Amino acid sequence: GVVEAVLCAHPGVAAAAVVVRDDRGDRLLVAYVVAPGAAPSRADLRARVAGRLPEYMVPTHFVAVHTLPLTPNGKVDRRALLGAAFAPAPADADLTGMQHAHPHREELTPVQERLAEIFADVLGVDEVGVDDDFFDLGGHSLRAMRVNAWVHDAFGVELTARSLFDARTVRELAVEVERLAAPGEDDILAQLAMLEEMTEDEARRLLAEVGG
């Protein structure tokens, strides 16, 4: 009800209903919005809710409908909204009904390529572009935790709970992963100290082994 009130306060929204749907074991908030004129963008509505309510109360999907189904008593028929006829599209990116823009085809770095695969697997979509917003594609807190776990397995780095909220795209998150994966100053100093203690022959042998 709180989320519905925030959405209905938008000048372009005539009515809204928010339900909890099950998606492959995840419980997701889905907002159904009636907009008589030009439908507000999904990003606009998401930002509006995110600016007023905690992140866990921001709907994962926003679906435009002509009218909300009603019970014989004139109340919103939430059971009907949970039916297959009202299921959001897998890539429900825009209230206009347009599917998400095709991911960018620029050449990705190895880190970006692996992160794009992780995003796609966690979100259940075919492809993710380097600048696609994780949360605009259906991401939420639980899925962000899964991304963190997969990133740890893939790169051996520990992301914080806030990492994906601050770096929402593959491009942004790749910068953070590369920063965390880079050797720290203490590591570099330790390696230099080790080299200083080696004889010239030992250092040459080590360099030869590193070089293959």
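Here are two short exercises, with worked solutions, on a predicted model.

**Exercise 1: a helix pair**

Work out how helices α4 and α5 are oriented to each other, and which kinds of residue make their contact.

*Solution.*
- Start with the general recipe: a packed pair of helices is described by the angle between the axes and the distance between them.
- Now find the two helices: α4 covers residues 110–123 and α5 covers residues 141–155. Their axes come within 10 Å and cross at roughly 140°.
- Next, classify that angle. Over 145 degrees would count as roughly antiparallel, and 65 to 115 as roughly perpendicular. The α4 and α5 pair is therefore oblique.
- For handedness, the crossing of α4 and α5 is right-handed.
- Then list who touches whom. From α4 you get Val111, Arg114, Leu115, Ile118, Phe119, Asp121, Val122 and Leu123. From α5 come Arg143, Arg146, Val147, Trp150, Val151, Ala154 and Phe155.
- Finally, sort these contact residues by type: 11 are nonpolar, four are charged and none is polar.

**Exercise 2: the sheet**

Describe the three-stranded sheet: its strand order, its edges, its twist and the β1–β2 pairing.

*Solution.*
- Recall that strands in a sheet pair through backbone hydrogen bonds, parallel or antiparallel.
- Read off the order: β1-β2-β3, in an open sheet with mixed pairing.
- Pick out the edges. β1 (15–23) and β3 (61–64) each pair on one side only, which makes them the edge strands.
- Check the twist: from one strand to the next, the average is 30°.
- Zoom in on β1 and β2 (residues 26–34): nine bridges join them in the antiparallel sense.
- For a concrete example, look at Arg21, which sits opposite Leu28 of β2.

How values were computed: Residues are numbered from 1 along each chain as its sequence is written. This is a predicted model: local features need pLDDT of at least 70, side-chain atom pairs count only at pLDDT 80 or more; totals for chains, interfaces and linings use all residues. Side-chain values use heavy atoms; hydrogens and water are left out. Axes are lines fitted to C-alpha atoms, for helices over the stretch in contact, and angles run from 0 to 180 degrees between N-to-C directions. Helices (H or I, at least four residues) and strands (E, at least two) are DSSP runs, numbered from the N terminus. Angles under 35 degrees count as roughly parallel, over 145 as roughly antiparallel, 65 to 115 as roughly perpendicular and the rest as oblique. A crossing is left-handed if the near helix is turned anticlockwise from the far one by less than a right angle, and right-handed if clockwise. Contact means heavy atoms within 4.5 Å. Ala, Val, Leu, Ile, Met, Phe, Trp, Tyr, Cys and Pro count as nonpolar, Asp, Glu, Lys and Arg as charged, and the others, Gly among them, as polar. Two strands pair if DSSP finds at least two bridges between them.
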